[in-house]
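Me: I should like to go through the reasoning behind several structural labels. Please set each value against its cut-off and then conclude.

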Amino acid sequence: MTGLQGIWRSALSLAAVAILGTALLSGVHSVTSSRIAEQERRAVLHQLGQVLSASRYDNALQNDVISFQDELYFPRGQTVTAYRARKQGEPVAVILKFAAVNGYNGKIHLLAGINRDGTLSGVRISSHKETPGLGDFVEIGKSDWVTGFTGKSLKNPNPEDWAVKRDGGVFDQFTGATITPRAVVEAVQRALEFFQANEQFLFDAPTQISTGMDP
Amino acid sequence: MNDSSYRKIFMDGLWHQNTGLVVLLGLCPLLAVTNTVVNGLGLGLATTLTLLASNLSVSLARHLIRPEIRIPAYVLIIASVVTVIQLLMQAFVHDLYRVLGIFIPLIVTNCAIIGRAEAFASRNRAVPALIDGLATGLGFTLTLVLLGAARELLGRGTLLSQAGLMFGSAGKSLELTLIPNYDGFLPALLPPGAFILLGLLIAGRNGLKARRQAASSRKPLLSQETPA
């Protein structure tokens, strides 16, 4: 009898702790969720602004969006998001959100701004799981490496030089970390090739409702 | 409790029972993130905050939680506290969260936190529990920063790199390159280097302690306690 009572009392007090914890979490969540969503949105706009200066376009970039798949240029079934930048209705550039798949550890998510003339307006890494302290030097907060893409195009450098220096190309690598920059360089080149082949589609396809951007 | 026992609690957490160097709890996050000083400091401060909140909650609830269910109750409390800290960081210090984000959930896996809840907070009043949480957290931070400094210096020849991510533009001036044009020493940045350097840190701490004991008592070295 007392044993059974003890079990009930234990179960109830554990349930009380669980309920209190859940109540605390849902309270904090409801207070912070709109602020977190706003911060995430600002972070997205901030990131887009880093690859394409906001003065270059006058449309609502985060709403002029298409997403698509193309196994040839963007392998492993990834969904690519394209933000189209226009000034007075004229297309000026597109920002592609895609991933490099040959990194050291999982996908490296990238943003690449491509001007209408096929030059890169900027490239940023939006998220990755490369080794901290090694492969993470592709992040802008940790080194300037990724700014080396700005102004590059398929003609500059030549296709055979679109590689890290160890492979005979023009892009720097880091001591002990060749795999990460190699994957990024290759993925950016693929994105440029896709742009060259599909420019019409990128700018003219009707806008789809954005599903938001992954971190 | 008087001042001297508070001081004892504090020094135990910070030094005599240092989580990283003596008790050797929480090695998973310790080894995972300490490749730079800034990473170590960030995780250390977040862990300290968690310890303060979890020790306080466990101490306040110590009469309500029956012994048989105390471990799952502590797990619930710690997981709730860490998630709340994560949400608050996401909402109010978003830039810092973007840097430390992946390490925050790791705090839940730090057995030092449940260890303090079980060994101290569940048996003491709120104020000593808070002091214990603060001291344990600072001691853990100290270990993380020391190990981070050793690995960053050996591995990259810098100290406090990326401090700007944590302290804003003022932190940029803290970033030091001590060995210019250093080629880097990869093993120090990888987990094996963390193990070896942590071992050296522990040995150094034990050596320091042995020297102090030898100096204070003229007894032979045999009377030392064995390393934990």
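Me: What makes α8(B) oblique to α12(B)?
Reply: In this predicted model, the axes of helix α8 (residues 126-156) of chain B and helix α12 (residues 191-216) of chain B cross at roughly 125° and come within 10 Å. Roughly perpendicular covers 65 to 115 degrees and roughly antiparallel begins over 145. The angle of roughly 125° falls in neither class, so α8(B) is oblique to α12(B). The crossing of the two helices, α8(B) and α12(B), is right-handed.

Me: Which residues of α8(B) and α12(B) meet, and how do they divide by class?
Reply: From α8(B) come B:Leu146, B:Leu147, B:Ala150, B:Arg151 and B:Gly155, and they meet B:Gly193, B:Ala194, B:Leu197, B:Leu198 and B:Leu201 of α12(B). The contact of α8(B) with α12(B) holds seven nonpolar, two polar and one charged residue. Gly counts as polar under the scheme used, and B:Gly155 and B:Gly193 are among the residues that meet here.

Me: Why is α5(B) called oblique to α7(B)?
Reply: The axes of α5(B) and helix α7 (residues 111-119) of chain B come within 10 Å, with a crossing angle of roughly 130°. Roughly antiparallel would require an angle over 145 degrees, and roughly perpendicular one of 65 to 115. An angle of roughly 130° meets neither condition, and α5(B) is therefore oblique to α7(B). The crossing of α5(B) with α7(B) is right-handed.

Me: Which residues form the contact of α5(B) with α7(B), and what are their classes?
Reply: B:Tyr74, B:Val75 and B:Ile78 on α5(B) meet B:Ile113, B:Ile114, B:Ala117 and B:Glu118 on α7(B). By class, the contact has six nonpolar residues, no polar residue and one charged residue. Glu counts as charged, and B:Glu118 belongs to the α7(B) side of this contact.

Me: How do you know whether α1(B) and α8(B) are roughly parallel or antiparallel?
Reply: The axes of helix α1 (residues 3-16) of chain B and α8(B) come within 7 Å and cross at roughly 30°. Angles under 35 degrees count as roughly parallel. The value of roughly 30° satisfies that limit, and α1(B) and α8(B) are therefore roughly parallel to each other. The crossing of α1(B) and α8(B) is right-handed.

Me: What does the contact of α1(B) with α8(B) consist of?
Reply: On α1(B), the residues are B:Tyr6, B:Ile9, B:Phe10, B:Asp12, B:Gly13, B:Leu14 and B:Trp15. They meet B:Pro128, B:Ile131, B:Asp132, B:Ala135, B:Thr136, B:Leu138 and B:Gly139 on α8(B). The contact divides into nine nonpolar, three polar and two charged residues.

Me: Why is chain B called as compact as a globular protein of its length?
Reply: Chain B has 12 helices and two strands. Its radius of gyration is 19 Å, and the globule rule gives 17 Å for 228 residues. The two values are close, so chain B is as compact as a globular protein of that length. Its C-alpha trace spans about 60 × 55 × 30 Å along the principal axes, and 40% of its 228 residues count as buried.

Me: What does chain B contribute to the contact with chain A?
Reply: Chain B provides 27 residues and chain A 23 residues. On the chain B side, α5 (70-92) and α11 (186-189) each supply at least two residues. The largest share, 11 residues, comes from α5(B). By class, that side of chain B has 14 nonpolar, 10 polar and three charged residues.

Me: Why does A:Gln88 count as exposed, whereas B:Leu24 counts as partly exposed?
Reply: A residue is exposed if 12 or fewer other C-beta atoms lie within 10 Å, and buried if 20 or more do. A:Gln88 has 8 such atoms, so it is exposed. B:Leu24 has 15 C-beta neighbours inside 10 Å, which lies between the two limits, so B:Leu24 is partly exposed.

Me: What is phi at A:Gln88 and at B:Leu24?
Reply: Phi of A:Gln88 is near 50°, a positive value in a residue other than glycine. A:Gln88 is placed in the loop between β2 (80-87) and β3 (90-100) of chain A. B:Leu24, also not a glycine, has a positive phi of about 55°. B:Leu24 lies in the loop between α2 (19-23) and α3 (27-33) of chain B.

How values were computed
Residues are numbered from 1 along each chain as its sequence is written. Chains are lettered from A and ligands numbered from 1 in the order in which they are written. This is a predicted model: local features need pLDDT of at least 70, side-chain atom pairs count only at pLDDT 80 or more; totals for chains, interfaces and linings use all residues. Two residues are in contact if their C-beta atoms, placed from the backbone, lie within 7 Å. Helices (H or I, at least four residues) and strands (E, at least two) are DSSP runs, numbered from the N terminus. The radius of gyration is taken over C-alpha atoms; the globule rule is 2.2 Å times the number of residues to the power 0.38. Axes are lines fitted to C-alpha atoms, for helices over the stretch in contact, and angles run from 0 to 180 degrees between N-to-C directions. A crossing is left-handed if the near helix is turned anticlockwise from the far one by less than a right angle, and right-handed if clockwise.
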